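Work through the exercises below with the sequence and the coordinates open. Each task is followed by a solution in steps.

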Amino acid sequence: MFNLSTDPINPKSLADSLNDSGVGAIVTFEGRVRDHNDGKPVTSLEYEAYTKLALKEGDRIISEARKKYDILNAHCTHRIGHLKIQDIAVWVGVSAEHRDTAFASCRYIIDEIKKYVPIWKKEHYSNDEAVWVSSATDSA
Amino acid sequence: MNTKTIHICYFASLREQRKLSKETLVTDSETPAALYDQLQKSHHFTFSPEDLRVAINDTFVDFKNTLNDGDIITFIPPVAGG
């Protein structure tokens, strides 16, 4: 399931929600707000989403991951709004019987989310005007 | 040509370029491609259509889809989640 949240992400409670007695591996990914990008000092990030389509697209990606990989549970939450340095911007977690599946499917989900979900990020700098960045220039 | 009323939503950089998050237009445009061409000429949007995706009524569609009266259309600038 895919969510958008204006509140801070709680990684522990999200990871706990993936567990059950058949789970042998849980892999999680946290995308965090860095204090720099492309040589510029970043002071904060602002995320905006096309909510209805982002939720549909995020759920589609997780459904695709379930078809491609033998996953037990999968979840992604993406923050929206104004985030501070080191806030968690996106969290992905996958549980499976074995680690190979958990690693590969977690990677698949974050890569697809970054490519396709209509979410935008504006970088604020200490010494320059804020700009909307595109994922082509982003290596997070 | 049929005139139709189309509701347009803007996000992120396109919203800032248009200085609006939504507007309603009466247009002769038959497709999202034609409508974007009309809007780009009026508002000097910096994105070419190849940079964008388009959604009608919260579903991704092709730029050659037919526009219908009352559609809500969103031109989607390059995304940058994560």
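**Exercise 1.** Is A:Ile62 buried or exposed? Place this residue in its helix and list its contacts.

*Solution.* Step 1: the relative accessible area of A:Ile62 is 3%, so the residue counts as buried (buried is under 20%, exposed over 50%, partly exposed in between, with a 1.4 Å probe and protein chains only). Step 2: A:Ile62 sits in helix H2 of chain A (helices, H or I with at least four residues, and strands, E with at least two, are DSSP runs numbered from the N terminus). Step 3: leaving out residues up to four places away in sequence, A:Ile62 touches A:Met1, A:Phe2, A:Ala74, A:His75, A:Cys76 and A:Ile109 (contact means heavy atoms within 4.5 Å). Step 4: the C-alpha atoms of A:Ile62 and A:Val94 are 9.9 Å apart, with the two positions 32 residues apart in sequence numbering.

The model is predicted, with local features needing pLDDT of at least 70 and side-chain atom pairs pLDDT 80 or more, while totals for chains, interfaces and linings use all residues. Residues are numbered from 1 along each chain as its sequence is written, chains are lettered from A and ligands numbered from 1 in the order in which they are written, and side-chain values use heavy atoms, without hydrogens and water.

**Exercise 2.** Describe the packing of helices H2 and H3 of chain A.

*Solution.* Step 1: H2 (residues 51-68) and H3 (residues 99-116) of chain A pack at an angle of about 150°, and their axes are 10 Å apart. The axes are lines fitted to C-alpha atoms, for helices over the stretch in contact, and angles run from 0 to 180 degrees between N-to-C directions. Step 2: H2(A) and H3(A) are therefore roughly antiparallel (angles over 145 degrees; under 35 is roughly parallel, 65 to 115 roughly perpendicular and the rest oblique). Step 3: the crossing of H2(A) and H3(A) is right-handed (the near helix is turned clockwise from the far one by less than a right angle; anticlockwise would be left-handed). Step 4: H2(A) contributes A:Glu57, A:Gly58, A:Arg60, A:Ile61, A:Ile62, A:Glu64, A:Ala65 and A:Lys68 to the contact, and H3(A) contributes A:Tyr108, A:Ile109, A:Glu112, A:Ile113 and A:Tyr116. Step 5: by class, the residues of this contact are seven nonpolar, one polar and five charged (Ala, Val, Leu, Ile, Met, Phe, Trp, Tyr, Cys and Pro count as nonpolar, Asp, Glu, Lys and Arg as charged, and the others, Gly among them, as polar).

**Exercise 3.** How many salt bridges are there over all chains? Examine one within chain A and two that join chains.

*Solution.* Step 1: the count is 13 over all chains (a salt bridge is a side-chain nitrogen of Lys or Arg within 4 Å of a carboxyl oxygen of Asp or Glu). Step 2: one of them pairs A:Lys12 with A:Asp16 at 2.8 Å, N to O. Both residues lie in helix H1 (residues 11-16) of chain A, four residues apart, about one turn of the helix. A:Lys12 is exposed at 57%, and A:Asp16 is partly exposed at 45%.

Step 3: another joins B:Arg15 to A:Glu48, with the closest N and O atoms 2.3 Å apart. B:Arg15 belongs to helix H1 (residues 12-18) of chain B and A:Glu48 to strand S4 (residues 40-49) of chain A, so the pair joins two chains. B:Arg15 is partly exposed at 23%, whereas A:Glu48 is buried at 15%.

Step 4: B:Glu16 and A:Lys122 form a salt bridge of 2.6 Å, N to O. B:Glu16 lies in helix H1 of chain B and A:Lys122 in strand S8 (residues 119-125) of chain A, so this pair also joins two chains. B:Glu16 is partly exposed at 35%, and A:Lys122 is buried at 12%.

**Exercise 4.** Where do A:Asp38 and B:Lys19, with positive phi, lie?

*Solution.* Step 1: most residues other than glycine have a negative phi. Step 2: A:Asp38 has phi near 55° and is placed in the loop between strand S3 (36-37) and S4 of chain A. A:Asp38 is exposed at 68%. Step 3: B:Lys19 has phi near 60° and is placed in the loop between H1 and strand S2 (22-27) of chain B. B:Lys19 is exposed at 72%.
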